[in-house]
Amino acid sequence: MYGKEDSGIIAGLLWRAAFLASLQILLLNSFNFVAGYVTSVFPFLPIQAWSFLLGFGMGVMALMILCFLVSALNVFYSGVVLQWKMIQRMLGMVEGWHGVQSVLDVGCRKGMLLNAVALKLKKEGSGGRVVGVDLWLPGSGAKGSMSETLRIASIEGVREFVTCKTGNPCDLPLMNNTFDVVVSALCLNNLGEETGRITQAAALQRSRGLLEIVRVLKPGGQAIIWDLLHVPEYNVKLQELGMSDIRISEPVSAFMVPSHVIYFRKPQESREGADDPS
């Protein structure tokens, strides 16, 4: 059910590894022939030199195969195993689950975090519900669809605790001061990526997404965000907004880049003008 978002990346990496491995086997089985043929075509080097260069090239290919396989394994581990571990960590950071009535998952995709929250609410018996928001569009591909996310929630046995909405993380279709808890995993770092992750435009989109989380969070509410690369940037913005109890985890490698979990509370009286992303 989960991890399909990255299946195209994994398949591409494995295909490249398989192609190079096939070429490697072909060269290994016909090494002397290839070395002799290359020497006859380019006689300015002796066969020993061409044999050395072919062997070196095969060594480089073997290293590339290993890199592709390690990358595919890392993507699978980060997208499924590590994500599940980080979700459990995020849930453990929430204080007072027994009093939580409303939770928002920003960028819920197939619903791994969404359903984990729903299961927690179910076990607590507080009657709380979780809303998942994502930008489901026709042809969204790996993201799937809202109906698929709800189907998975049914399989997990938590459908009655889950509601899904279509919405842009930078403009959530939700009222101010609505949720006791807001969670988000690997969503904000994707905002504005079409302009390049290090551009000012992308940073502005991430800032808007963060401000939306603050806007819909109730005064006194808690937010936990797991994201790649940009959590120190969020820390600065949250301090500017006057958020309280800000905590950042140690770096955790995910998809071969550093990631962090950041926790904060919205003060009982938050600053006015928090909807200005500048």
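Helices here are DSSP runs of H or I with at least four residues, and strands are runs of E with at least two, both numbered from the N terminus. The model on screen is predicted.

**Whole chain**

Start with everything selected and coloured by secondary structure. The protein has seven helices and eight strands. Its radius of gyration is 24 Å, well over the 19 Å that the globule rule gives for 278 residues, so the protein is more spread out than a compact globule. Turn the view along the principal axes: the C-alpha atoms fill a box of roughly 80 × 40 × 35 Å.

Next, switch on the surface. About 13,800 Å² of the protein is exposed, and carbon and sulfur atoms supply 63% of that area. Of the 278 residues, 46% are buried. Colouring by charge picks out 24 positive and 23 negative side chains, with the centres of the two sets 5 Å apart. If you draw contacts between residues at least 6 apart in sequence, 76% of them join residues at least 24 apart.

**Helix 2**

Select residues 31-41, which form helix 2. Which of its residues are buried? They are V34, A35, V38 and T39. Look down the helix axis: these buried residues fall within an arc of 130°, so they line one face of the helix. Now add helix 1 (7-29) and helix 3 (47-93) to the selection, since the buried residues of helix 2 pack against both. Rotate to the face turned away from the buried side, where the exposed residues N32, F33, Y37 and S40 sit.

**S71 in helix 3**

Stay with helix 3 and select S71, which lies in it. What does S71 touch, leaving aside its neighbours within four places in sequence? Its contacts are L13 and M256. Add I10 as well: S71 and I10 are 61 residues apart in sequence, yet their C-alpha atoms are 8.1 Å apart in space.

**M256**

Follow the contact from S71 to M256. M256 is in the loop between strand 7 (252-254) and strand 8 (257-265). Is M256 buried or exposed? Its relative accessibility is 48%, so it counts as partly exposed; the exposed class begins over 50%. Apart from neighbours within four places in sequence, M256 is in contact with V70, S71 and N74.

For a last stop, select S184 together with M256. The two are 72 residues apart in sequence, and the distance between their C-alpha atoms is 20 Å.

Notes:
Residues are numbered from 1 along each chain as its sequence is written. This is a predicted model: local features need pLDDT of at least 70, side-chain atom pairs count only at pLDDT 80 or more; totals for chains, interfaces and linings use all residues. Side-chain values use heavy atoms; hydrogens and water are left out. Buried means under 20% relative accessible area, exposed over 50%, partly exposed in between (1.4 Å probe, protein chains only). The arc is that of the directions from the helix axis to the C-beta atoms. Contact means heavy atoms within 4.5 Å. The radius of gyration is taken over C-alpha atoms; the globule rule is 2.2 Å times the number of residues to the power 0.38. Accessible areas come from the Shrake-Rupley method with a 1.4 Å probe; for residues, only the protein chains shown count as cover. Lys and Arg count as positive and Asp and Glu as negative; His and the chain ends are not counted. The place of a charge is taken as NZ of Lys, CZ of Arg, CG of Asp or CD of Glu.
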